[in-house]
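Work through these short backbone exercises with the coordinates open. Each has a task and a stepwise solution.

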Amino acid sequence: MRHSFILTFLAFFLGAFAGPAQAADPQIKVVNMIPATVSGETNQDSEPNLAVNPRDPKNIAGSAFTRGTGVCRRELAPIFVSTDEGATWAMNCIVPSDASGMTSDITVRFAGESDNLYAGILRRPGFLRLNILRTNNFTGASVMTVLEDRNSVDQPYVQATTVGGMDQVFVGDNDFNAPGGRTATVDESLDAGVPAPVFTSVRIEARATSGQDGPPIRPATHPDGTIYAAFYGWRAFNGAVATTDLVVVRDDNGGAGPTPFTHLTDTGDGLVGQRVVQNRSVPWANFSQANFCQERFVGSNISIATDPNNSDIVYVAWADRLGDNDYTLHIRRSDDRGATWSDDLRTVTNATNPALAINKHGFVGFLYQQCVSEGDSPRNARWVTHIELTEDSFTTVKDLVLADVPADAPQPQFIPYIGDYLHLMTVGADFYGIFSANNTPNMANFPNGVVYQRNADFSTQTLLDNNKEKVDPSIDPFFFKVTPPEKKIVVYKYAAKLICGVQDDPENTQLARGFYATAINIHNPNAETVKFRKSLSLTFPPSRQRPGKVIRIADDKLKEDQALEVDCVDIRERLFPNGFPKPYIKGFVTITSSHSLDVTAVYSTRALDQEVCCERTRGDHGKDCCGHDGRDPCGDKDREPCCRERKPNCPTCCFTIAGGHSSVDVEQIAERVMEREPPADEDEPDLPDLVPVAPFLPPPPNNPSHLPQNFCMLPDDGFVPADDIRVIVRNQGSGAAAPSITLVQFINPVSGPVATVTQDTGPLDVNGGETSLDFAIPNECYSAGGSGCNFDITVNAGEPPIEESNEGTNTASSFCPGVAP
Amino acid sequence: MLKPIESRRHLRASAGRCLLWFSLSLLPAGFPATTMAQSSLSELGAQNLDRLLGLANIIYLGTVTGTNASSVPGVPASEATVLTRIDSALTTPAALAPLDGRTVTLISEDGKPPALNQRFIFFTQTSLVGKEIALREIGRLSIEAADDLRRQIQGSDLRLEDERLSKRLSAVDAVAIGRITAIDTTVPPPQVPVTEHDPQWQRATLEISTVLSGDLRDRPVTLLFPGTLDVAWVDAPRPSAQQEAVWLLTFNRDVDGYTALDPLDVQPVEQADRIRRLIGDQR
């Protein structure tokens, strides 16, 4: 329970109160995906794509221009599959094809929750023949099901998610069937998991084109139903250069409704789709470029990603040409759902294949491949694959080189040489990606390490086939996983002593007799809004050096210079609506914040008036003398407390001594600055939450005016005193409760605790499972004076306790009226 | 005596005889179910065996070394999975060779794999190929048939090639023997629609010497072929100057010329008689 609470607590802070992060090294894993059993292959496995199952990231699928011939049965193309989070890979021949055993384009994506894998391919035989495919078992042998099959569509790029149990699939493609040359299209199905889903072609280009849009149309989904798509809106094309706008469209309803992707209009012309940049030059040279590391220019480099924590935040990357010969990547950011965009946050010259993704901590990952050469000679040129991580919009960047490989070998078998795209995505905190590169087994080519499955002798930098014969280098797909450095969360913590209530026992040595009030004032001196959490850590009750409960009071936020107060009344109303469990409580109010605050406590105390009584006496005039003239005729020796134990022989001779003093103290609460490691997994597990609940029973037949309450069960005669208390233990959590212990402490109001009784409590179902327990009230719990019997109930009282989502709801206190039977 | 089992997906012979079953679900439509009841390999018939051989890409003589077992991540062990040692591979995909001696996971199509230590000739398809290999079983034959089967496989390869070429011959518009006399390698400007998969058509002049089928009145023939290196066209034949061949030609209305884009569309002249025979068989 404690562990769970801490995880939950820290998880909250990661999301809401994250302070500045500390730099550290990320964890990196790079794996050559070609399996050992096909070590002799020399295919050009370029243009890779990757799908990590968000529901179970151990399951990953990859794709590339990989031939099935020699591996698969006829007319099937393979995908790569891993069931151990990319550590090892196999080929699974489930993509329909022809005798070539390969596809033209292919991208793959898992849905959010269904385990269905979707693919968008250009199928063979055929030319620009779009197929949208699905399998519910990506390691199974069944060929993927064809969901959509039509011609004249280019570069399908699939995204998928699951909403309300329905797979939603969005395939960005350049559909030459679109009327008016407005070819940028998203083929969407909002229930793609059904046997025969319907795909609708949504045209997302609102402006006139040169006759068509550019090849890449890239969708990005967000769990809240926001869907973005980015594309090159071609405004002119001269055969060598496309003059293009970079356009972003958005849908706020998960692609539903009669006019999807129309929720973002341009601040300039008012048409659908915000133009991030306009009239940029994108080169078109559809042949291997000697001065670009053998790759071509076909304007296919766009990536878009939205922050999983905030769909308002969206990044886009694209490529264009700024000078005469360059190919430059750009990144921009919008904080207002694509309405306005930053200037370039990052540019990279002579690079291709930009891919963006954002993890749950807000880290942005930027994957790209840069052609680096000496002078104009393609000799000695190298493809350098980077992933950059940033948490401050590229103000600072952690640059990781995944591969730095020769680009002048091997010779292209076809183009694209390494691919017109690759892929980067996140699941939780982790970045997963794929790229294609020269596979020469040379550790120097992989500065952050690499693992080969295929036979490779790194000492001689030689690939070997299954017969241990030398194999020439080729282009292979490489999987990678990067886990960014975990943020150390900086929090500011304040612990203010709190005393609330009345202590009127003059013999109590824990606290002087008096009235106590505490008010804690919190002021935000920061220029920004600050969120913080308030909790109560009780020290009394209980007592005797036992730790008390920790109860969350509330999460609040203050704008600049705003202030609020936490006081006894607030705490009683929020946490103890039936009154404090004791006449007074003691403890700490803790305040935890991502920013420094001004915290001041105001302590008010006042000594109580004291009633005293003395023996009946008569004065000189025959009247009772006790206090009638304001004096105390009894003297100290006769004075007795009389509030609770008024003695029969002193029923009337009472008077009050006024309280001695009152005070107000103001104390500045010290600030502690603490660093925390984030929890390994912030996802809150389904846990039980046990609460004690009083039964609500009909009144006894012979005492219809009595409504049972406060757990007290009357005897058969229907009148007090009760002889049992009945506690309903209810599980109001989302996780099942294992067997636990319920404890009741009976307390005589006068003499104190008399008995502690426990009962085993059986397992309880989720969301309201309950059991009823009866506890016999010891006779000695009832005070002789008629003050009844007090009791404290604690559910989940065993050691160790079972894990719960909220341990602040485990107790209840009450009393049963009456005197001992 | 072979007999249908449970009247559905497979056949199994009685023990000690030439034993064969294979998955009917994998057979092409029209495959005659009555042939399942043949009592021997020879009675099964070359054509039906060819179909089975065409479906299986790994055929091996193997021994069951483990039951309810799997060595392949992604293939959970179950009653349908056994480990088999490949004692002798009869057919092996080139990329996976050699297979002899390797232990593979066999996934039984009908959920009833053979018992421990049993030996069979297994007809399989690759399922998962990683560090280890999982194969999907589509048929099983007693080991006594191994020698016969080896011979049948050799003949079957030729028959399957003929079948595929014959299928292609029936799909094209004309077949002719001819020589490339000129090639225009001018790279055309991007065509509409502009796509990275643009074939960048180039033109060759094909002088026809013999027409084997079809109507080729306009001679010489203009043969269009992709000039691009794009992946979509990577397997398309590229004619070379003075290349003489048997050309399987398809008229492409979009480009107003003939194309020969399938790797089978350009055959050595030495294959002319074979192609004549296949064309004749179609008539």
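The exercises below concern peptide bonds and phi angles in a predicted model.

**Exercise 1.** Which residue does a cis peptide bond join to Pro410(A), and where does Pro410(A) lie?

Solution.
- Step 1: Read omega. For the bond between Ala409(A) and Pro410(A), omega is about 0 degrees, and the bond is cis.
- Step 2: Place the proline. Pro410(A) is in the loop of chain A between strand E26 (398-406) and strand E27 (423-427).

**Exercise 2.** Treat Pro220(B) in the same way: find its cis partner and its loop.

Solution.
- Step 1: The partner is Arg219(B); omega of this cis peptide bond is about -5 degrees.
- Step 2: In chain B, strand E10 (201-213) and strand E11 (221-226) flank the loop that holds Pro220(B).
- Step 3: Set this against the general rule. Most peptide bonds are trans.

**Exercise 3.** Locate Asp115(A) and classify its exposure.

Solution.
- Step 1: Phi of Asp115(A) is positive, near 70 degrees, and the residue is not a glycine.
- Step 2: Asp115(A) sits in the loop between strand E6 (106-110) and strand E7 (117-122) of chain A.
- Step 3: Its relative accessible area is 23%, so Asp115(A) is partly exposed. Buried would require under 20%.

**Exercise 4.** Is Asn353(A) buried or exposed, and which element holds it?

Solution.
- Step 1: Asn353(A), not a glycine, has a positive phi of about 55 degrees.
- Step 2: Asn353(A) belongs to strand E23 (residues 351-358) of chain A.
- Step 3: Asn353(A) is buried because its relative accessibility is 1%.
- Step 4: Recall the general rule for phi. Most residues other than glycine have a negative value.

Note on methods. Residues numbered from 1 in each chain as written. Chains lettered and ligands numbered in written order. Predicted model: local features only at pLDDT ≥ 70, side-chain atom pairs only at ≥ 80, totals over all residues. Heavy atoms only, no water. Helix = DSSP H or I, 4+ residues; strand = E, 2+ residues; numbered from the N terminus. Buried < 20%, exposed > 50% of the residue type's maximum accessible area, 1.4 Å probe, protein only.
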